[in-house]
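Me: I'd like to know how the labels on this model are earned, rings and pockets included. Can you take me through them?

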Amino acid sequence: KLYPMNTVAFIFVRGGSKGLPGKNIKLLNNKPLIAWSIEHALSSKYIDRVIVSTDSKEIASVALHFGAEVPFMRPDELAQDNSPELLAWRHGLNYLRESSGSLPNIMVSIPATAPLRNIVDIENCIDLYNNGAVEIVITTSNAQRSPYFNMVKKTQDGYVEIVNPPKSAILRRQDAPEVFDIATVCYVANPEFIMKNDSIFNGRVKAVNIPSERAIDIDTLLDFQIAEILINHKENI
């Protein structure tokens, strides 16, 4: 099924990256990292426009080459290490409102750091959003650790304790409440909600769970190397 027009995908990428300098245009299997996400967005039958929001002319040039729009440059104050991502979302939506007179029906964020996603992962998120009763759809993957079982925090006196101590002792992992890691595969949001709220968790949030091998989030050189191995493995099957 096709949804009403006016679903806009954004890819929000900064030029500066402390964990892995230049990562957004670093070649992953001979293709700049950001190009993987641009191609995923362009391949979805649900998405009408693909816009890259960046402060970097170099990233903008790569984005244009791979078929995305770069109709504005992101201001420096929204591209710092500590800049809240939601402000960049709002800046992109403001641009659309000013240039077209209205907000899009649906905003999709497709981070550049999750190049192993499938297009179906994006479309499952949009489907879940369109089923209603939700302001935001996020993606998750199965957690490797649980705050109820095998994650600890340091106390003021230097000891460690379980992050979230259960009311009764949990001796087996499977007895702990099920928890998930937030993934960066895809976000689908109601633009009106984003303009008015400072946290995505202020609204009704649902999640699409993604297999761990497709949910890898590239932040360090090790992540990049793991992604390269997985991509080569997938392409050799």
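Me: What makes the largest pocket a pocket, and what is its volume?

Reply: On a 1 Å grid over the protein atoms alone, a pocket is an open set of points with protein on both sides within 12 Å along at least five of seven lines. The volume of the largest pocket, about 720 Å³, is the space filled by probe spheres set on the points, which are joined across faces, edges and corners. Keep in mind that this is a predicted model, where local features need pLDDT of at least 70, side-chain atom pairs count only at pLDDT 80 or more, and totals for chains, interfaces and linings use all residues. Residues are numbered from 1 along each chain as its sequence is written, and side-chain values use heavy atoms, with hydrogens and water left out.

Me: Which element gives the largest share of the lining of the largest pocket?

Reply: Helix 3 (85–100), with 4 residues. Lining residues have an atom within 4 Å of a point, and helices (H or I, at least four residues) and strands (E, at least two) are DSSP runs, numbered from the N terminus. Strand 1 (7–13) and strand 9 (180–189) each supply at least two residues too.

Me: Why is the pair of Phe72 and Tyr95 called tilted?

Reply: Rings of Phe, Tyr and Trp (its six-membered ring) pair if their centres lie within 6.5 Å; planes under 30 degrees apart are stacked, over 60 edge-to-face and the rest tilted. Phe72 and Tyr95 sit 4.9 Å centre to centre with 45° between the planes, so they pair and count as tilted. Phe72 is in the loop between helix 2 (57–65) and helix 3, 23 residues apart from Tyr95 in helix 3.

Me: Is Phe72 buried or exposed, and what about Tyr95?

Reply: Buried means under 20% relative accessible area, exposed over 50%, and partly exposed in between (1.4 Å probe, protein chains only). Phe72 has 9%, so it's buried; Tyr95 has 24%, so that one is partly exposed.

Me: What makes Trp89 and Tyr187 edge-to-face?

Reply: Their planes are 65° apart at 5.6 Å centre to centre, so the edge-to-face label follows. Trp89 is in helix 3 and Tyr187 in strand 9, 98 residues apart. Both are buried, and ring pairs link them with Phe10 and Phe12 into a cluster.

Me: How do you know that Lys31 lies over the face of Trp36?

Reply: The rule wants NZ of Lys or CZ of Arg within 6 Å of the ring centre and within 35 degrees of the ring normal. Lys31 is at 4.0 Å from the ring centre of Trp36 and lies over its face. Lys26 likewise lies over the face of Phe224, at 5.1 Å.

Notes: On a 1 Å grid over the protein atoms alone, a cavity is a set of points where a 1.4 Å probe fits but cannot get out, and a pocket is an open set with protein on both sides within 12 Å along at least five of seven lines; lining residues have an atom within 4 Å of a point.
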